[in-house]
Amino acid sequence: MSIVSRKSIVQKLVRPQDYSLIMPYFVVEGKGIKNPVKSMPGVFQFSIDNLVKEVAAAKKLGIPAVIIFGIPSKKDLLATGAYAADGIVQKAIEAIKKKVKDILVITDVCLCEYTSHGHCGVVKEAAKTKTTPCSLSEFIDLKQTLKLLAETALSQARAGADMVAPSAMMHGQVKAIRAALDKSGLKHIPIMGYSVKYASAFYGPFRDAALSAPKFGDRSSYQLNPSDGDVSLKEVAADIKEDADIVMVKPALPYLDIIRRVKDKVKLPLAAYNVSGEYAMVKAAAKNGWVDEKKIVLEIMTAIHRAGAGIIISYHACDIARWRKE
Ligand code: PBG
């Protein structure tokens, strides 16, 4: 019997000379649901029964991993749906694990889909009415946010997730999650850090899909300034120090320079997130007959891989896997 370790799980995503793909999915409460996401043609919100079928199909295509985003039926100030034992993501993982073998189930660890205001952490009361931009410490209650992020990751791992991926851009999130997992007998669960996450307009369609657009302010106090390239190396170094197993750059295509800079510095596997806005632009142009979808998607993936990403998270993943088989 093989021993499951952080390394052996990460190894399933490493494909020498090529890139491996992670397919993202959105899951909602209910039955028989397949809601199209308007700004992302070909992407749907699935209820758990349909999601299980999709993941089984992805596995058949040779996709090694999926990442799950949950849309809860209720949101509140403390994001309780994110870490509830019967939360939407927790139930989805259990259902997938029961039916589909040999595909990694990765979870996004963030609060924005679960908070009533749509921010990625617990917002300080005084910050809610402020009209001028806030610093992170003025805006977010970091201590409580880290506690809730760790609780979220823990509940997802307990439900059967193979890997957790914190995306809230809160200082110390990898460390807090690592400590919580280690303390709870989940030392073998690796962490993929969304280490370098810029404050980007390219996330627009995702926020439609996940119903997570902030109700006030923006994410600039915790996501990175697009004009600052050097900050990427500091963020990656911090995540590695906190013991991340995989580091990520996000978005991908407008940040190829950042992917390359990180790749040149870091030995850990490097992922890039080809985000919703990148996807939406290609789909819109292809629908109009202005570009050749297959050719342009494969060229974009080649560019992201050439820049240095060995793992690519993309809504095109299943299409690419299908094309690889043609
Ligand atoms: C959660 C999260 C977001 C994305 C991944 N995880 C949204 C955000 O930060 O606003 C975006 C992915 C995409 O645009 O495809 N924080």
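Which helix and which strand each supply at least two residues of the shell around the ligand? Before I answer, note that this is a predicted model.

The answer is strand β7, residues 192-197, and helix α8, residues 204-209. In total, 20 residues surround the ligand. The closest are Lys197, Arg207, Lys250, Ser276 and Tyr315.

What classes of residue make up that shell? There are 11 nonpolar, 3 polar and 6 charged residues.

Now the polar side chains. Tyr315, which is among the closest residues, has a polar side-chain atom 2.6 Å from an oxygen atom of the ligand. Gln223 also places a polar side-chain atom by a ligand oxygen, at 3.1 Å. For Ser167, the partner is a nitrogen atom of the ligand, and the distance from the polar side-chain atom is 3.3 Å.

How much of the ligand does the protein bury? Taken alone, the ligand exposes 400 Å², and 100% of that is buried by the protein. As for where the ligand sits, the space it takes is the largest cavity.

One more residue, Thr152. It belongs to helix α6, which runs over residues 142-159. Is Thr152 buried or exposed? Its relative accessible area is 1%, so Thr152 counts as buried, the cut-off being under 20%. Its side chain also has a partner in the backbone: a polar atom of the Thr152 side chain lies 2.8 Å from the backbone oxygen of Leu148.

To recap, the ligand has a shell of 20 residues, with β7 and α8 each giving at least two of them, and the protein buries 100% of the area that the ligand exposes when taken alone.

How values were computed: Residues are numbered from 1 along each chain as its sequence is written. This is a predicted model: local features need pLDDT of at least 70, side-chain atom pairs count only at pLDDT 80 or more; totals for chains, interfaces and linings use all residues. Side-chain values use heavy atoms; hydrogens and water are left out. A residue is near a molecule or strand if one of its heavy atoms lies within 4 Å of it. A polar contact is a pair of N or O atoms within 3.5 Å; within protein, one must be able to donate a hydrogen and the other to accept it, and residues adjacent in sequence count only if both atoms are side-chain atoms. Accessible areas come from the Shrake-Rupley method with a 1.4 Å probe; for residues, only the protein chains shown count as cover. On a 1 Å grid over the protein atoms alone, a cavity is a set of points where a 1.4 Å probe fits but cannot get out, and a pocket is an open set with protein on both sides within 12 Å along at least five of seven lines; lining residues have an atom within 4 Å of a point. A molecule sits in a cavity or pocket if more than half of its atoms lie within 2 Å of its grid points. Helices (H or I, at least four residues) and strands (E, at least two) are DSSP runs, numbered from the N terminus. Ala, Val, Leu, Ile, Met, Phe, Trp, Tyr, Cys and Pro count as nonpolar, Asp, Glu, Lys and Arg as charged, and the others, Gly among them, as polar. Buried means under 20% relative accessible area, exposed over 50%, partly exposed in between (1.4 Å probe, protein chains only).
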